Amino acid sequence: MRELTVLYDAHCGMCRRFKDWLAAQHPAPDGYGGVVRLRFVAAGSTDARTLYPALDHDATLRDVTVVADDGSVYVGDRAWIVCLWATGEHRHTAVRLASPAMRPVARAIVQAAAGLRRLSGGDYADGCDGQCDREG
C-alpha cells in the first residue's frame with residue numbers, strides 16, 4: 001500500500017482538524033523503499049464522486065472513509081487506524097489498536113472524539129450533522 005485517499009467532511013470542524021493534523025505528520029515507510037502517501041478529498045465532492053463512483057457518498061459524509069491504492073475501503077475506526085498506520089510516529093499505536101483485544105478501545109476512542117462536538121448540547125455550529133459518532 002503506497003497511497004491512501006482520505007475522504008473527509010470539509011464542512012465539519014473536527015474532520016478538518018483531523019485532516020490538517022494528519023497532513024502534518026511524517027509518512028511511514030511503505031515496505032518497498034517508499035512511503036505511504038496521503039491525499040485528501042472532500043467527501044461528497046465532485047472529485048470524490050468521480051474518483052470513487054461505487055462508494056455511498058452520503059455515508060462518507062458521516063464517517064471518515066479511506067480508500068487505499070489497492071481498492072480497499074476503510075470506514076469508521078478502521079479508517080482512523082489505517083490513517084495512524086500511515087504515519088511514522090503513530091504506526092505502532094495503529095498496530096496495537098488493530099488487534100482484536102484493542103478494537104473495542106479503538107471504537108470507543110473514535111466515538112469519544114465524535115462526542116466532543118456534542119459538549120455544547122448537540123449544537124453543531126460548524127454545520128456538521130452530528131452523525132460521525134454513530135457506528136456504520
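Rings of Phe, Tyr and Trp, the last by its six-membered ring, form a pair if their centres lie within 6.5 Å. By this criterion, ring pairs join Phe 18, Trp 21 and Trp 80 into a cluster. The model in which this cluster appears is a predicted one, and the following paragraphs lead from its overall plan to the cluster and to other individual residues.

The protein chain contains six helices and four strands. Followed along the sequence, these elements occur in the pattern β-α-β-α-α-β-β-α-α-α. The chain has 136 residues, of which 40% count as buried. It exposes about 7500 Å², and carbon and sulfur atoms supply 54% of that area. Among the contacts with a separation of 6 or more, 57% involve residues 24 or more positions apart.

The sheet is a suitable place to begin. The four strands form an open sheet in the order S2-S1-S3-S4, with mixed pairing. Its edges are strand S2, residues 37-42, and strand S4, residues 73-75, each of which pairs on one side only. From one strand to the next, the twist averages 20 degrees.

Strand S1, residues 3-8, pairs with S2 in the parallel sense over six bridges. Within this pairing, Leu 4 stands opposite Leu 38 of S2, and Val 6 has Phe 40 of S2 as its bridge partner. Strand S1 is mostly covered, since five of its six residues are buried. In a regular strand, side chains alternate between the two faces of the sheet.

Which strands does helix H4 touch where it packs on the sheet? Helix H4, residues 77-85, touches S1, strand S3 (65-68) and S4, and its direction makes about 115 degrees with that of S4. Helix H4 is largely enclosed by the rest of the structure, because seven of its nine residues are buried. These buried residues are Asp 77, Ala 79, Trp 80, Ile 81, Val 82, Cys 83 and Leu 84. Trp 80, one of the buried residues of H4, is also a member of the aromatic cluster.

The cluster can now be examined pair by pair. A pair of aromatic rings is described by the distance of the centres and the angle of the planes. The structure holds two aromatic pairs. In the stacked pair, Phe 18 and Trp 21 lie 6.3 Å apart from centre to centre, with 20 degrees between the planes. Phe 18 and Trp 21 are separated by about one helical turn, because they are three residues apart in helix H1, residues 13-23. An α-helix has 3.6 residues a turn, so residues three or four places apart point the same way. The surroundings of these two residues can be stated as well: Phe 18 is buried, with a relative accessible area of 10%, whereas Trp 21 counts as partly exposed at 33% relative accessibility.

The other pair, formed by Phe 18 and Trp 80, is tilted, with 4.2 Å between the centres and 35 degrees between the planes. This pair links distant parts of the chain: Phe 18 belongs to helix H1 and Trp 80 to helix H4, 62 residues apart. Phe 18 thus takes part in the stacked pair with Trp 21 and in the tilted pair with Trp 80.

Rings also appear in two contacts with charged side chains. The charged end of Lys 19 sits over the ring of Phe 40, at 5.8 Å from the ring centre. Arg 91 lies over the face of Trp 85, 3.9 Å from the centre of that ring. Phe 40, already met as the bridge partner of Val 6, can also be related to Ala 23, a residue of helix H1. Ala 23 and Phe 40 are 17 residues apart in sequence, and their C-alpha atoms are 8.5 Å apart in space. At 48% relative accessibility, Ala 23 counts as partly exposed.

A last residue to consider is His 57, which is placed in helix H3, residues 57-62. Is His 57 buried or exposed? Buried means under 20% relative accessible area, and His 57 counts as buried because its relative accessibility is 5%. When residues up to four places away in sequence are not counted, His 57 touches Gly 44, Ala 48, Arg 49 and Tyr 52.

Technical notes. Residues are numbered from 1 along each chain as its sequence is written. This is a predicted model: local features need pLDDT of at least 70, side-chain atom pairs count only at pLDDT 80 or more; totals for chains, interfaces and linings use all residues. Side-chain values use heavy atoms; hydrogens and water are left out. Helices (H or I, at least four residues) and strands (E, at least two) are DSSP runs, numbered from the N terminus. Buried means under 20% relative accessible area, exposed over 50%, partly exposed in between (1.4 Å probe, protein chains only). Contact means heavy atoms within 4.5 Å. Accessible areas come from the Shrake-Rupley method with a 1.4 Å probe; for residues, only the protein chains shown count as cover. Two strands pair if DSSP finds at least two bridges between them. Axes are lines fitted to C-alpha atoms, for helices over the stretch in contact, and angles run from 0 to 180 degrees between N-to-C directions. Rings of Phe, Tyr and Trp (its six-membered ring) pair if their centres lie within 6.5 Å; planes under 30 degrees apart count as stacked, over 60 as edge-to-face and the rest as tilted. A charge sits over a ring if NZ of Lys or CZ of Arg is within 6 Å of the ring centre and within 35 degrees of the ring normal.
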